[in-house]
Amino acid sequence: MIKVRLADGQILEVDKGTSAADVLKEGLSKKQKKRLILARVDGELKDLGFRLQNDCKLEPVFLGDEQAQEVLRHSTAHLMAQAVKELYPEVQVAIGPAIEQGFYYDFNTREPFSPEDIAKIEKKMKELSKKALPIERIDMPIDEAIAFFENKKEPYKVELLEDLKKEGAETVSLYRQGEFVDLCRGPHLPDTGKIQAFKLLSVAGAFWRGDENREMLQRIYGTAFFDKKALKEHLDRLEEAKRRDHRKIGKELELFSIEESIGPGLILWHPKGALVRKIMEDFWRDEHLKRGYSLLFTPHIAKRELWKTSGHLDFYAENMYAPMQIDEVEYQIKPMNCPFHIAIYNSRKRSYRELPLRWCELGTVYRYERTGTLHGLMRVRGFTQDDAHIFCTPGQLDQEIIEILDMTLYMLQVFGFQKYDIYLSTRPDKYVGSDEHWELATNALKRALENKGLAYEIDPGEGVFYGPKIDIKIKDCLDRSWQCSTIQVDFNLPERFDVKYTGEDGQEHAPIMVHRALLGSLERFFGVLIEHYAGAFPIWLSPIQARVITITDRQDEWAKKVLEILRSKGIRADLDLRNEKLGKKIREAQLEKIPYMLVLGDKEVADQSVSPRTRRGETLDAMSVEEFAELLEKQAMQEKMGGVTSPGNSKQE
RNA sequence: GCCGGCAUAGCUCAGCUGGUAGAGCAGCUGAUUCGUAAUCAGCAGGUCGCCGGUUCGAGUCCGGCUGCCGGCUCCA
């Protein structure tokens, strides 16, 4: 007999080996029984059929349980694989896990799946769901399982099992629903009838085990929820994400373009995009100067020899553009700014009294990225990093990191981002630098994060070979994470370039070099910004803050005067004098997501006023130009101070 | 780079099974002088991404290239 503690605190004595379902179903209504899908045993999700072996805490898990969503999606992946096998028996199954937004399953097929195939598969899944096939777990000795899948002609499962065997596994679990049997750790829902709200979303190629030297499989992505409403909301979110796509908005608002005649991954910043960039840059430079940084400018090319010294030709060559010969000497375009900053450091002897040195540059770099990886502004070949290098003594490291974190969070917040994930990447297998240095630097990063009270995850072994790092990833509207901010300690370059300072003791010491970018790159950050605001930038970032709109040509003179006053006050305004109806002018300004429209009719001319309308659709009482300018400036200031989101766009569109 | 899809006017898109291109918006011209999301009329605009092939004939079929899209891999 074992003791089972139930959710209400009651303790039951049951036979060892009793199934969780048997205990849990006791006293449940018929309705509740139907909704019971899993058991939580000592906090861990288990199948209902799980046999209780020890004293434990046992709770029921019902449909809709948030933590069970992953199980639902995993079971849906199995359901999809079952459907595929029933429709196309010759297809081999690979793996099919639940992922953050849904699930996928990889298949090896002779013919790739067409959209019609996907529709068929989805239909089949619905049929199978209706049958409410029980999903049963089968525990099997590993050799038996290998034989089983060999017999079924499922080589991918065999490969997985053989690896499990090498790792010392003796038995494995299989899950069966109808004719379909899959290797799986589980747990799963009790039957396929519990899978109600799902949708297959896309097909794509994916390498077997993520290895580009292995064969390419067909991956079908899908998602599943406990109820139809949640599914619909999710699909609506995906639609909204499409509407916010920075590539679409970038074109509509004439912010930037990428032209085939120029080259892939190379960004043309159009006037409005360039203006936003200028505002971003001004803010960035001001903040850096405020915080004791000095500004640098460095060239775009350097002698090949420099890249040899830096080690880039050893470990980064495939990302660099080919050398060009100038006066018999080979030059190469920079993929990074660091060696230039070091050259400035090394231009003379440095004393400990000068440290820390904080040098920043909006440095444009070029990296060869494979064509398939390019993505709008998010992944490009030429981009401007908001780079900085800090040279400091080991004793100064903690404080420097804290200040960098502080500044990063401040900047992200001003731009309107409160949500991000923080990762601390530690020493990889291959690395340079002493263990002592690694520990010092890793601890400094850790202490800084803790000092700021920031939650972070450790990415073990994911540091760069030259040092540990903190990465901050911003989430975009599709919930894709984009690495923007990065703080990296570098032990490699100072050594390669023999970077030194003279200490208090008169001896030469190696400074610690910290490499950091707050926004990451202006291109990517701009892309994230566009999607974050759906193009309706806060007032302080808007390329056009106000548009002066006349009703008839009788207001032209006053309109020109208004524009002049606004511009003299540093407000970014323009003028629409066209012979069009007011409604059309409003509509166009609205579609351009201009925060304020200043409507001028005969009334406004008579009392020398403006009638503002916000892009939200609110009309304000007429006021003087000066009053409006004050209002605008006040709002822009508030946005920057509090990082508050300014009035969004009106709902119509 | 790999798998699949796509490429028609500045933009968004039609163009059935091959018979040598069409709409809306934008642009230009004119009329209209209008109060908070599209005034009306006219005009102009395309070697159908590029190269080659099949065919009496190719936007349409086939091959190659370039670019883009969804992913994989890789990264700021």
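Two residues are in contact when heavy atoms of theirs lie within 4.5 Å. Keep that in mind as you look over this predicted model. Among contacts in chain A between residues at least 6 apart in sequence, 69% join residues at least 24 apart.

**Stop 1: the whole chain**

Select chain A and show it as a cartoon. You should find 20 helices and 32 strands. The C-alpha trace spans about 85 × 75 × 55 Å along its principal axes. Now switch on the surface: chain A exposes about 32,000 Å², and carbon and sulfur atoms supply 48% of that area. Of the 653 residues in chain A, 51% are buried. If you like, colour by charge as well. There are 98 positive and 108 negative charges, and their mean positions are 4 Å apart.

**Stop 2: a three-stranded sheet**

Hide the surface and select residues 136-141, which form strand 9, then residues 171-177, which form strand 10. Add strand 11, residues 180-183. Together these make an open sheet with the order 9-10-11 and antiparallel pairing. Strands 9 and 11 are the edges, each pairing on one side only. From one strand to the next, the twist averages 30°.

Zoom in on strands 9 and 10, which are joined by six bridges. Here M140 stands opposite V172 of strand 10.

Next, bring in helix 5, residues 142-151. This helix packs on the sheet and touches strand 9, strand 10 and strand 11. Its direction makes about 110° with that of strand 9. Then add helix 6, residues 155-166, which lies across strand 10 and strand 11. Helix 6 runs at about 35° to strand 11.

**Stop 3: a histidine under cover**

Select H312, which lies in helix 11, residues 312-315. Is H312 buried or exposed? H312 counts as buried because its relative accessible area is 1%, and the cut-off for buried is under 20%. To see the neighbours, show W307, A317, M320, P335, M336 and P339 as sticks: H312 touches each of them, leaving aside residues up to four places away in sequence.

**Stop 4: a covered strand**

Finish with strand 28, residues 512-521. How many of its ten residues are buried? The count is ten of ten, so this strand is mostly covered by the under 20% cut-off.

Two partners are worth selecting here. Strand 21, residues 382-392, runs antiparallel to strand 28 and is joined to it by seven bridges. Look for F391 opposite M513. Strand 25, residues 481-490, also pairs with strand 28 in the antiparallel sense, over five bridges. In that pairing, T486 has A517 as its bridge partner.

Key: Residues are numbered from 1 along each chain as its sequence is written. Chains are lettered from A and ligands numbered from 1 in the order in which they are written. This is a predicted model: local features need pLDDT of at least 70, side-chain atom pairs count only at pLDDT 80 or more; totals for chains, interfaces and linings use all residues. Side-chain values use heavy atoms; hydrogens and water are left out. Buried means under 20% relative accessible area, exposed over 50%, partly exposed in between (1.4 Å probe, protein chains only). Helices (H or I, at least four residues) and strands (E, at least two) are DSSP runs, numbered from the N terminus. Two strands pair if DSSP finds at least two bridges between them. Accessible areas come from the Shrake-Rupley method with a 1.4 Å probe; for residues, only the protein chains shown count as cover. Lys and Arg count as positive and Asp and Glu as negative; His and the chain ends are not counted. The place of a charge is taken as NZ of Lys, CZ of Arg, CG of Asp or CD of Glu. Axes are lines fitted to C-alpha atoms, for helices over the stretch in contact, and angles run from 0 to 180 degrees between N-to-C directions.
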